[in-house]
Amino acid sequence: VRVLDSDGRGDMQSIAAGVRWAHAQGARVINLSLGGLRSSDAVQYAREAAEDSGVVAVASAGNWGAEEPVEYPARSSHAMAVAALDTADVAASFSSYGDFVALSAPGVGIRSTFPGERYALWSGTSMSAPFVSGGAALLLSIHRGWTPLEVRGRLEQTARPISDQNPGLTDKLGRGALDLGAALWPDRRTRS
């Protein structure tokens, strides 16, 4: 669901409408790789309704390289905020961080689409959030009845510790680095 224009601009009413539309279409995971400095009752109500129906929301933490300001919807209690890491599990210099972050994921030099049917390398917490959204979708494909809290719990409990690589940011990068192998490990099937 596209809620921003081609320059990445939009408003909270469009975001709320997008959340409501995705929810009405049966989405189980909504990725919010966007943010602003103002809260929005419209987005909050849309997220609450979606969460009550079992929809997991993931948001990018922001690209301020500091604890403040904290963007919305990352600071919403109805979204999992994701910070950005490099390939060594070190917090990206641009990544926002703080006690609102749930997890961290790759966000530096991520290969993604580019206009003209091409690809480019992008960096930002907007690149990190989709990794967590994908992990949530994988878990929900196995555990169709899980609540957002159960999905979040599994992803956080299986996160890879990164405090040694990030001194001074203990408890500021969520529960650690997303580890999809560990998150899916309890659901592996043994072959006989």
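This tour moves through a predicted model, beginning with its sheet and continuing to two of its helices.

**The sheet.** Begin by displaying the strands. Four of them make up an open sheet, arranged in the order 1-2-3-4, with parallel pairing. Select residues 29-32 for strand 1 and 101-106 for strand 4: these strands stand at the edges, and each has a single partner strand, so one side of each is left without a neighbour in the sheet. When the view is rotated, the twist can be followed: on average, neighbouring strands of this sheet are turned by 30° against each other, direction ignored.

**Strands 2 and 3.** Next, select residues 56-60, which are strand 2, together with residues 80-85, which are strand 3; three bridges join this pair in the parallel sense. To examine one position, centre on V58, whose bridge partner in strand 3 is M80.

**Helix 4.** Now add residues 148-157. This segment, helix 4, lies across strand 2, strand 3 and strand 4, and runs at about 55° to strand 4. Highlight P148, V151, G153, R154, L155 and E156, the buried residues of helix 4. To see what covers these buried residues, show strand 2, strand 3 and strand 4 along with helix 2 (41-52), helix 3 (125-142) and helix 5 (180-184), which are included in the cover.

**Helix 3.** Finally, select residues 125-142, the helix 3 that helps to cover the buried residues of helix 4. Helix 3 comprises 18 residues, and the distance from its first C-alpha to its last is 27 Å, close to the 26 Å expected at 1.5 Å a residue. Colour its buried residues, among them M127, V132, L139 and L140; T125, S128 and S133 also belong to this buried group.

Key
Residues numbered from 1 in each chain as written. Predicted model: local features only at pLDDT ≥ 70, side-chain atom pairs only at ≥ 80, totals over all residues. Heavy atoms only, no water. Pairing = 2+ DSSP bridges. Helix = DSSP H or I, 4+ residues; strand = E, 2+ residues; numbered from the N terminus. Axes fitted to C-alpha atoms, helices over the stretch in contact; angles between N-to-C directions. Contact = heavy atoms within 4.5 Å. Buried < 20%, exposed > 50% of the residue type's maximum accessible area, 1.4 Å probe, protein only. Expected span 1.5 Å × (residues − 1).
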